[in-house]
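Visitor: Hi! I'm new to looking at protein models, and I'd like to go through one with you. Could you bring it up?

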Amino acid sequence: CSCQFFIFCISIRDTVVFRSELSILKELQSSPMWVPGVEPADGHALMRGRFELSGPQAVAIRHVGASMYRIWVDGEILDEGPARFDADYPEWLVSRTTLAAGAHVVAVHGHSHGVTTRLMSEEIPGFLWGIVEGEDGSVIPVTWKGLNSVAYQKTRRRLGCVLGPVEWCDTRLLPEGWKGTDFDDSGWCGLVRVELNSPPAA
């Protein structure tokens with residue numbers, strides 16, 4: 001898979017070393033995902049994850065990535081990332097929020113940079129890796145859909161050695177209401193699994 005790597009206002013935000021979570025990921029059979037067709041350098045992916053809650057509860061969303069991403073829940077901004085970490089020691093961010101019973105949507109805008117930085121190599125593929133947990137710690141199933149966004153012009157002009165490429169967006173081309181629960185994403189594609197040749201915490 002040729003892509004560049006990603007998985008919500010927050011009440012609590014924790015940082016967890018990824019190594020300690022690797023066994024949990026394998027047990028849950030969680031896998032890194034991305035939108036097919038998004039260019040590795042200066043590509044933009046829109047992603048939506050639908051899930052249901054049987055009752056009101058606090059949820060924790062664990063997410064990790066290498067390039068810039070923003071996360072919303074039910075249309076409200078929740079978090080952005082990634083954390084700044086060495087490629088050999090990736091870290092989770094854990095965002096917590098309280099939701100009512102019923103249908104909910106996690107929306108993600110991922111911006112793939114595709115360049116080598118002081119901390120990351122451009123050879124690390126892009127992905128979204130996220131888990132939604134309920135109050136009891138159980139993993140809540142999420143159904144993901146994605147879109148290769150044409151609203152963003154590929155400038156490939158970076159704002160310096162620390163920041164990513166300029167985001168030049170024609171907002172008329174953004175799907176109206178795409179971050180909300182009522183949006184029809186039936187025309188969006190499924191996400192593809194990203195194979196990491198050398199998982200960081202192996």
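Visitor: Let me start with a detail: does Cys 169 count as buried, exposed or partly exposed, and why?

Guide: This is a predicted model, so everything here is computed from it. Cys 169 counts as partly exposed, because its relative accessibility is 28%.

Visitor: And what about Cys 189, where does that one fall?

Guide: Cys 189 has a relative accessibility of 29%, so it counts as partly exposed.

Visitor: How many disulfides are there in the whole structure?

Guide: A search of the whole structure turns up zero disulfides.

Visitor: OK, let's zoom out. What is the chain's secondary structure made of?

Guide: There is one helix, along with 13 strands. If you read along the sequence, the pattern is β-α-β-β-β-β-β-β-β-β-β-β-β-β.

Visitor: How much of the chain is buried?

Guide: The chain has 202 residues, and 47% of them count as buried. As for the surface, the chain exposes about 10200 Å², with carbon and sulfur atoms supplying 50% of that area.

Visitor: Which residues touch the most other members in the largest nonpolar core?

Guide: That core has 25 residues, and the ones touching the most other members are Met 47, Phe 51, Val 106, Val 108 and Trp 144. Several strands give two or more residues to this core: β2 (33–34), β3 (43–53), β4 (57–64), β5, β7 (91–99) and β8 (102–112).

Visitor: Where does the largest share come from?

Guide: From β3, which gives four residues to this core. There is also a second, separate core of six residues, and its members include Leu 46, Trp 178, Phe 183 and Trp 188.

Visitor: Those last ones have rings! How many aromatic pairs does a search of the whole structure find?

Guide: It finds three aromatic pairs. One of them is Trp 72 with Trp 178, an edge-to-face pair with 5.7 Å from centre to centre and 75 degrees between the planes.

Visitor: Where do those two sit in the chain?

Guide: Trp 72 is in strand β5 (residues 69–73), while Trp 178 is in the loop between β12 (168–169) and β13 (192–193). They are 106 residues apart, so this pair links distant parts of the chain. Both Trp 72 and Trp 178 are buried.

Visitor: How do the rings of Phe 183 and Trp 188 pair, and why?

Guide: Their centres are 5.5 Å apart and their planes are at 65 degrees, so this pair is edge-to-face. The cut-off behind that is an angle of over 60 degrees.

Visitor: Are Phe 183 and Trp 188 buried or exposed?

Guide: Phe 183 counts as buried because its relative accessibility is 15%. Trp 188 counts as buried too, at 9%. The cut-off for buried is under 20%. Ring pairs also link Trp 72, Trp 178, Phe 183 and Trp 188 into a cluster.

Visitor: Nice. New topic: what joins the side chains of Asp 79 and Ser 95?

Guide: A polar contact of 2.6 Å joins them. Asp 79 is in strand β6 (residues 76–81), and Ser 95 is in strand β7.

Visitor: Is Asp 79 buried or exposed, and what about Ser 95?

Guide: Asp 79 counts as buried, because its relative accessibility is 7%. Ser 95 is buried as well, with a relative accessible area of 0%.

Visitor: While we're in β7, which residues does Leu 99 touch?

Guide: Leu 99 belongs to strand β7. Leaving out residues up to four places away in sequence, Leu 99 touches several residues, among them Phe 51, Leu 53, Pro 56, Val 59, Val 73 and His 104. At 10% relative accessibility, Leu 99 counts as buried.

Visitor: How far apart are Leu 99 and Leu 53?

Guide: In sequence they are 46 residues apart, and in space they are 8.2 Å apart, C-alpha to C-alpha.

Visitor: One last spot: where is Ser 67?

Guide: Ser 67 is in the loop between β4 and β5. Ser 67 is buried, with a relative accessible area of 5%.

Visitor: And what separates its C-alpha atom from that of Gly 110?

Guide: The C-alpha atoms of Ser 67 and Gly 110 are separated by 7.4 Å, and the two residues are 43 residues apart along the chain.

How values were computed:
Residues are numbered from 1 along each chain as its sequence is written. This is a predicted model: local features need pLDDT of at least 70, side-chain atom pairs count only at pLDDT 80 or more; totals for chains, interfaces and linings use all residues. Side-chain values use heavy atoms; hydrogens and water are left out. Buried means under 20% relative accessible area, exposed over 50%, partly exposed in between (1.4 Å probe, protein chains only). A polar contact is a pair of N or O atoms within 3.5 Å; within protein, one must be able to donate a hydrogen and the other to accept it, and residues adjacent in sequence count only if both atoms are side-chain atoms. Rings of Phe, Tyr and Trp (its six-membered ring) pair if their centres lie within 6.5 Å; planes under 30 degrees apart count as stacked, over 60 as edge-to-face and the rest as tilted. Accessible areas come from the Shrake-Rupley method with a 1.4 Å probe; for residues, only the protein chains shown count as cover. A nonpolar core is a set of buried Ala, Val, Leu, Ile, Met, Phe, Trp, Tyr and Cys residues joined through side-chain atoms within 4.5 Å. A disulfide is a pair of cysteine sulfur atoms within 2.5 Å. Contact means heavy atoms within 4.5 Å.
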